[in-house]
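Colleague: I should like a close look at a single part of this model, set in the context of the whole chain. Please begin with the overall order of elements and then turn to the part itself.

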Amino acid sequence: MHMNTFRNICFIGMPSAGKSHIGRQIAMKRLMTFVDTDKIIINKYNMKLLNNHVFSPGGSVIYNDKSIKHFKRDLKCRVYYLHISFDEYKERVGDMLIERGVVLASIPYHNTSVDSALKYIYEERLDLYYNNADSIINVEDKEGSFERVYEQINEDYSSNLFRNC
């Protein structure tokens with residue numbers, strides 16, 4: 001058996017990369033429970049979190065090292081970074097930064113264009129996503145994204161990276 005075994009899945013990525021959308025589909029297809037941590041605070045979640053969960057935290061989770069460690073160590077998650085290019089990110093989020101709940105606190109100047117704000121957020125988070133992911137999956141093409149993610153997870157399951165699932 002592989003040295004690292006996982007019980008759960010966690011998707012990280014830029015806002016609008018498809019974490020919740022793909023996460024719901026993966027959970028349904030693998031008969032797992034989907035948990036959108038933007039809507040549920042894990043500490044107040046009344047269910048024992050052991051196996052078969054797919055987590056979709058907000059894109060800013062990457063700023064909190066404790067949260068990432070919690071997913072990996074405590075919840076035994078394999079963390080998948082759903083990667084999109086800057087141009088795709090810009091197209092998906094567009095002018096809806098506030099509506100999408102994108103964390104803007106880290107932007108050093110407030111009188112900036114939407115394009116500049118998006119570029120700053122993208123560049124600031126990119127290395128954090130790469131450095132914290134166990135696996136990186138390109139979801140640039142919305143049409144084939146689910147299939148690519150599902151195939152990667154199936155490969156990981158068949159490689160015995162997951163346990164008790």
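Which pattern does the chain follow when read along the sequence? With that in place, please examine helix H1 closely: which residues of H1 are buried, and what covers them?

Modeller: The model is a predicted one. Read along the sequence, its chain runs β-α-β-β-α-β-α-α-β-α, a pattern made of five helices and five strands. Of the 165 residues in the chain, 45% are buried. Among contacts between residues at least 6 apart in sequence, 70% join residues at least 24 apart. The chain exposes about 9,100 Å², of which carbon and sulfur atoms supply 48%.

Helix H1 spans residues 19–29. Its buried residues are Lys19, Ile22, Gly23, Ile26 and Ala27. These residues lie on the same side of H1, because they cover an arc of only 135° around the axis. In general, an α-helix has 3.6 residues a turn, so residues three or four places apart point the same way. On the other side of H1, His21, Met28 and Lys29 are exposed. The cover over the buried residues of H1 includes strands E1, E2 (33–35), E3 and E4, together with helix H5. Just after H1, Leu31 adopts a positive phi of about 55°.

The buried side of H1 leads to the largest nonpolar core. This core has 40 residues, and Ile26 is among those that touch the most other members, along with Ile9, Phe11, Ile12, Tyr89 and Val149. Helix H1 is one of the elements that give two or more residues to the core; the others are strands E1 (8–12), E3 (53–55) and E4 (77–83) and helices H2 (65–74), H3 (86–93), H4 (114–132) and H5 (142–158). In soluble globular proteins, nonpolar side chains tend to be buried together.

Two of the strands that cover H1, E1 and E4, also hold a pair of cysteines worth a comment. Cys10 has a relative accessibility of 0% and counts as buried, and Cys77 is likewise buried at 0%. Their sulfur atoms are 5.2 Å apart, each being the closest cysteine sulfur to the other, which is too far for a bond. The structure holds zero disulfides.

Strand E4 is also tied to helix H5, another part of the cover over H1. Asp156 forms a salt bridge with Arg78, with the closest N and O atoms 2.9 Å apart. Asp156 lies in H5 and Arg78 in E4, so the pair ties together parts that are 78 residues apart in sequence. Both Asp156 and Arg78 are buried. A search of the whole structure finds six salt bridges, and two others may be set beside this one. In helix H3, Arg92 and Glu88 are four residues apart, or about one helical turn, and their closest N and O atoms are 2.8 Å apart. Arg92 is buried at 15% relative accessibility, as is Glu88 at 14%. In helix H2, Lys69 and Asp65 are also four residues apart, about one helical turn, with the closest N and O atoms at 3.0 Å. Here Lys69 is partly exposed, at 42%, and Asp65 is partly exposed at 42% as well.

Helix H2 also contains Ile68, which is buried with a relative accessible area of 3%. Leaving aside neighbours within four places in sequence, Ile68 is in contact with Ile12, Val61, Ile62 and Asn132.

Technical notes. Residues are numbered from 1 along each chain as its sequence is written. This is a predicted model: local features need pLDDT of at least 70, side-chain atom pairs count only at pLDDT 80 or more; totals for chains, interfaces and linings use all residues. Side-chain values use heavy atoms; hydrogens and water are left out. A disulfide is a pair of cysteine sulfur atoms within 2.5 Å. Buried means under 20% relative accessible area, exposed over 50%, partly exposed in between (1.4 Å probe, protein chains only). Contact means heavy atoms within 4.5 Å. Accessible areas come from the Shrake-Rupley method with a 1.4 Å probe; for residues, only the protein chains shown count as cover. A nonpolar core is a set of buried Ala, Val, Leu, Ile, Met, Phe, Trp, Tyr and Cys residues joined through side-chain atoms within 4.5 Å. The arc is that of the directions from the helix axis to the C-beta atoms. A salt bridge is a side-chain nitrogen of Lys or Arg within 4 Å of a carboxyl oxygen of Asp or Glu.
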